[in-house]
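User: Could you take a close look at one part of this model for me? I'd like to hear about the second largest pocket, and then whatever else stands out in the backbone and helix packing.

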Amino acid sequence: MLVVAPLREAGHQVKVVPTESALNFVGAPTWEALSGEPVSTSVWDNVDEVAHVRIGQTADLVVVAPATADLLGRATHGIANDLLTNVLLSTTAPVVMAPAMHTEMWLNAATVHNVSVLRRRGVHIMEPDSGRLTGTDSGPGRLPEPEAIAEFALAQVHDEGASLAGLRVAITTGGTREALDPVRYSGNRSSGKQGMALAEAARARGAKVELIMAATDVPAPTGVKVIKVESARDMQNAVANAYDGNDVIVMAAAVADFRSASYAETKIKKSHAAGEEESAPVIELVRNPDILAGLVKRRGSRTTPVLVGFAAETGDENGTILDYALAKLEHKGCDVIVANEVGEGTTFGQDSSTVHILVAGSDQPQRYGPAPKRESASAIWDVVEQLIPSKDAVESN
Ligand SMILES: Cc1cc2nc3c(=O)[nH]c(=O)nc-3n(C[C@H](O)[C@H](O)[C@H](O)COP(=O)(O)O)c2cc1C
């Protein structure tokens, strides 16, 4: 209910379309007072205005908050048995849903399936908060705070400009896995969230996005081409294939520096021979290729593709995060280094991060955050898109 207030405070006209059930919680007069607009729930109200399609057609953004399990089910199946579901079927605006329900309902296979189908169709579904629910239960399923919903929702519209229209970008994401034997690998804690946020932001700005995706905890956004890879060497091949034809290559994946020197074709056995209970294999490591350095070399003196590297850095007694990031920018020879502040509980797997954006030849690094990775992705694209030489050519076409 309170999502109406921050949206109106941000200067937007808000038309509330409650379901019949929603009116049991908050009546139509309250909605009308909050939104300053008349409220209806039925497709049979204001038939002369063809409200069942007009509201969806004219909206710049559709926000469903709270989205009940029932609504998610109806939206997934294209059911149009009230005004809200008609709006959802007739809009081409971005759709944001903020689910809220008891944990059992949220984790039920039907809801999980519905959320995944809707996300694949491009619906922006927030993760519910975890905490106290109605009654005495507690767990995931709680409606996020109204300001958080409004901020998430507005970000989908603001990002929908087309500043990257006509351009192609390749983004690596996730953490590589280096196989030891058919069942084991060495890996890292990268969640892939930053790369996904960059891909989503680039797509929202109109770019054609190729996502080179190593192991990750989060689904790829809709509308991007996904190439799945496992090891650093797989990723190197995929990036090499993506080199031609892309205007920007963003290396946001966590690529393992080392891999096992040898791969055991059969599972390495825990020996049971007498006297060998305590023995364990010693694994020799070798260096993985430096993919970004390879790209810089291949590009030579040309200016495209724009090459963006990531660094996970901590400051220490020998230098600050910025000192290390600057050294990496110079050493790698790429155009931009985005340095993530890492440390206990920061960046890896989190939804927020603090980033420093360093551009070659500029002595004005930008610090951004702590902010949701979605927002830092937008800040990164604001910088990177200025460096694309073909952008002016595309825009003047
Ligand atoms: C007191 C009460 C609270 C409810 N809370 C929720 C809820 O938080 N999430 C949910 O998915 N369903 C909840 N339900 C069940 C919904 O009311 C029911 O599924 C209804 O069909 C939702 O309709 P709607 O999606 O059109 O609003 C609740 C029901 C009652 C009686």
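Analyst: Here's a walk through that pocket, followed by one helix pair and a few backbone spots. Keep in mind that this is a predicted model.

Let's start with the pocket itself. The second largest pocket has a volume of about 1,300 Å³, and 42 residues line it. If you want to find its middle on screen, go to Arg119, Ile125, Met126, Glu127 and Phe152, which lie nearest the centre.

Which elements build the lining of the second largest pocket? At least two residues each come from α7 (103-107), α8 (109-120), β3 (124-125), α9 (146-158), α10 (193-204) and α14 (373-384). Of the contributors, α10 gives the largest share, with seven residues. As for chemistry, the lining of this pocket splits into 20 nonpolar, seven polar and 15 charged residues.

Now for the helix pair. Two packed helices are described by the angle between their axes and the distance between those axes. For helix α4 (residues 51-58) and helix α6 (residues 83-90), the axes come within 7 Å and cross at roughly 50°. An angle between 35 and 65 degrees counts as oblique, so α4 and α6 are oblique to each other. The crossing of α4 past α6 is right-handed.

Who touches whom there? On the α4 side you'll find Ala51, His52, Val53, Ile55, Gly56 and Gln57, and they meet Leu83, Asn86, Val87 and Ser90 of α6. Sorted by class, the contact of α4 with α6 has five nonpolar and five polar residues, with no charged ones.

Finally, some backbone details. Just ahead of α4, in the loop that links α3 (28-35) to α4, sits Asn46. Its phi is near 45°, a positive value in a residue other than glycine.

There are also cis peptide bonds to look at. One runs from Ala65 to Pro66, with omega near -5°, and Pro66 lies in strand β1 (residues 62-67). Another cis bond joins Gly369 and Pro370, where omega is about 5°. Pro370 belongs to strand β17 (residues 366-372). If you're scrolling along the chain from there, α14 (373-384) is one of the helices that supply at least two residues to the pocket lining, which brings you back to where we began.

Notes:
Residues numbered from 1 in each chain as written. Predicted model: local features only at pLDDT ≥ 70, side-chain atom pairs only at ≥ 80, totals over all residues. Heavy atoms only, no water. Axes fitted to C-alpha atoms, helices over the stretch in contact; angles between N-to-C directions. Helix = DSSP H or I, 4+ residues; strand = E, 2+ residues; numbered from the N terminus. Parallel < 35°, antiparallel > 145°, perpendicular 65-115°, else oblique. Left-handed = near helix turned anticlockwise from the far one by under 90°. Contact = heavy atoms within 4.5 Å. Nonpolar A, V, L, I, M, F, W, Y, C, P; charged D, E, K, R; others polar. 1 Å grid on protein atoms, 1.4 Å probe; cavity = no way out; pocket = protein on both sides within 12 Å on 5 of 7 lines; lining within 4 Å. Points joined across faces, edges and corners; volume = space filled by probe spheres on them.
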